[in-house]
Amino acid sequence: MKYVISGNKLQLVEHEDDALPVIAYLTMDELNTHSNIPDLVKNICNSSQAQYKNSVDDYDGYTFGIINVLDVCNVYSEKDRIAFLIMKNRFYFIELKDENRSVFEIFENVTKSYMGNAEFEKIIALLLETLLQNGYEVIEEIDKKISDMEESVVEERASSKLNRGIFALKDQLSILKNYYQQLEEIGYYLEENENGLFNEHKLNHFKHFANKSNRLYDACVAKQEDLIHLREALDAMLDYQLNSIMKLFTVITTIFLPLTLIVGWYGMNFTNMPELEWEYGYMFVMGISVAVVFGSLYYFRKRKLI
């Protein structure tokens, strides 16, 4: 699929026009048979070597980059992979791996949306910006999860199992943060325009893309800090619950300690014990035991220990 920009309008064409800027989507077959594509680019795109990091580099007369497209709604899903080649008045969006045709849809949606308001630099920046779609929605969803976790901690409904949820969100945010940081670097790299491939007055489109990536990166960092505070609050709550349990056990032990002494004392059964043959001896010991229990409970409640 190839377009030329004529009079700020995109026109679908079969063959490229050297006099007009070209925006094209290439499959691997089209890439390998394209006469204008440098051999180095073809070799890199056909290489089986896995490249996990998004990157962009300047070469003699062109800029080439590779992006592993992250599904921000499911960061653990298999990534699509695209490459882009920028030459003077030429932009090639290259499909390296596109299992669900999402990469093709990105290109198609952007070109259809800006058929009558097309600029070379603007179309490139917009294609890159589509890689950020759903970013704010995912951050809002993560923020809601964190708020729910904080509420459970405040209401002391949380348990140590909440740690799993915290670690899962932390891992998700780390993946998102790295992705946005790499896209931000690509945006600033294109804005520098070291190869002189772009109109200097149109570089603000790349700056806008880089700034948007930076805002999403900052949002991920902020959510990671919220998780740190949440983890600290959870640890404090669990410590408080443990202290409460230990305090309860201490109170129970303190109450039963004098009872154990009384039972041990009157369990000796010596012949000369005065209470051994006393008619009310059993009731007397029972009364002392009850008095010790209620006296201890009164003391602890007055001290607000229970």
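A search of the whole of this structure, which is a predicted model, turns up one cavity of 30 Å³ or more. The largest cavity holds about 50 Å³ of space. Its lining is made by D58, T63, Y189, L190, N193, E194, N195, L197 and F198. Sorted by character, the lining of the largest cavity has four nonpolar, three polar and two charged residues.

Several of these lining residues are worth a closer look, and N193 is a good place to begin. N193 sits in the loop between helix 6 (162-192) and helix 7. The backbone of N193 has a positive phi of about 55 degrees, although N193 is not a glycine. With a relative accessibility of 7%, N193 counts as buried, because the cut-off for that class is under 20%. N134 offers a useful companion case. N134 also has a positive phi without being a glycine, here of about 70 degrees, and it is placed in the loop between helix 4 (120-129) and helix 5 (135-154). The relative accessibility of N134 is 37%, so N134 counts as partly exposed.

Two other residues of the cavity lining, D58 and T63, lead into the strands. D58 has T63 of strand 5 as its bridge partner. The strands concerned are strand 4 (residues 55-59) and strand 5, which pair in the antiparallel sense over five bridges. Strand 4 and strand 5 make a hairpin with two residues between the strands, and in this hairpin G61 takes a positive phi near 90 degrees.

From strand 5 the pairing carries on to strand 6. Strand 5 (residues 62-69) and strand 6 run antiparallel and are joined by seven bridges. T63, the bridge partner of D58, stands opposite I86 in strand 6. Strand 6 in turn pairs with strand 7, again in the antiparallel sense and over seven bridges, with M87 standing opposite R90 in strand 7. Strand 6 and strand 7 form a hairpin that has two residues between them, and N89 in the turn has a positive phi of about 60 degrees.

How many residues of strand 6 are buried? Eight of the eight residues of strand 6 (residues 80-87) are, so this strand is largely enclosed by the rest of the structure. In a regular strand the side chains alternate between the two faces of the sheet. In strand 6, D80, I82, F84 and I86 point one way, while R81, A83, L85 and M87 point the other way, and all are buried.

Strand 7 (residues 90-97) contains F91, which is buried at a relative accessible area of 1%. Once neighbours within four places in sequence are set aside, F91 is in contact with V22, I23, A24, F84, L85, I86, F120, I124 and L127. Among these partners, F84, L85 and I86 belong to the buried set of strand 6. F120 is another of the partners; F91 and F120 are 29 residues apart along the chain, and their C-alpha atoms are separated by 8.2 Å.

Attention now turns to helix 7 (residues 204-266), where K223 is found. Is K223 buried or exposed? K223 is buried, since its relative accessible area is 12% and the class covers values under 20%. The side chain of K223 makes a polar contact of 2.7 Å with the side chain of D143. A polar contact of 3.0 Å joins the side chain of K223 to that of D226. Apart from neighbours within four places in sequence, the residues in contact with K223 are I139, D143, I146 and L173. D143 thus appears both in this contact list and in the polar contact of 2.7 Å.

The remaining feature is the largest pocket, which contains about 450 Å³ of space. Of the 20 residues that line the largest pocket, V69, D71, S102, I106 and Q133 are the closest to its centre. Which element gives the most to this lining? Helix 3 (residues 102-113) does, with five residues. By character, the lining of the largest pocket divides into seven nonpolar, seven polar and six charged residues.

Notes
Residues numbered from 1 in each chain as written. Predicted model: local features only at pLDDT ≥ 70, side-chain atom pairs only at ≥ 80, totals over all residues. Heavy atoms only, no water. Helix = DSSP H or I, 4+ residues; strand = E, 2+ residues; numbered from the N terminus. Buried < 20%, exposed > 50% of the residue type's maximum accessible area, 1.4 Å probe, protein only. Polar contact = N/O pair within 3.5 Å; in protein donor to acceptor, adjacent residues only side chain to side chain. Contact = heavy atoms within 4.5 Å. 1 Å grid on protein atoms, 1.4 Å probe; cavity = no way out; pocket = protein on both sides within 12 Å on 5 of 7 lines; lining within 4 Å. Points joined across faces, edges and corners; volume = space filled by probe spheres on them. Nonpolar A, V, L, I, M, F, W, Y, C, P; charged D, E, K, R; others polar. Pairing = 2+ DSSP bridges.
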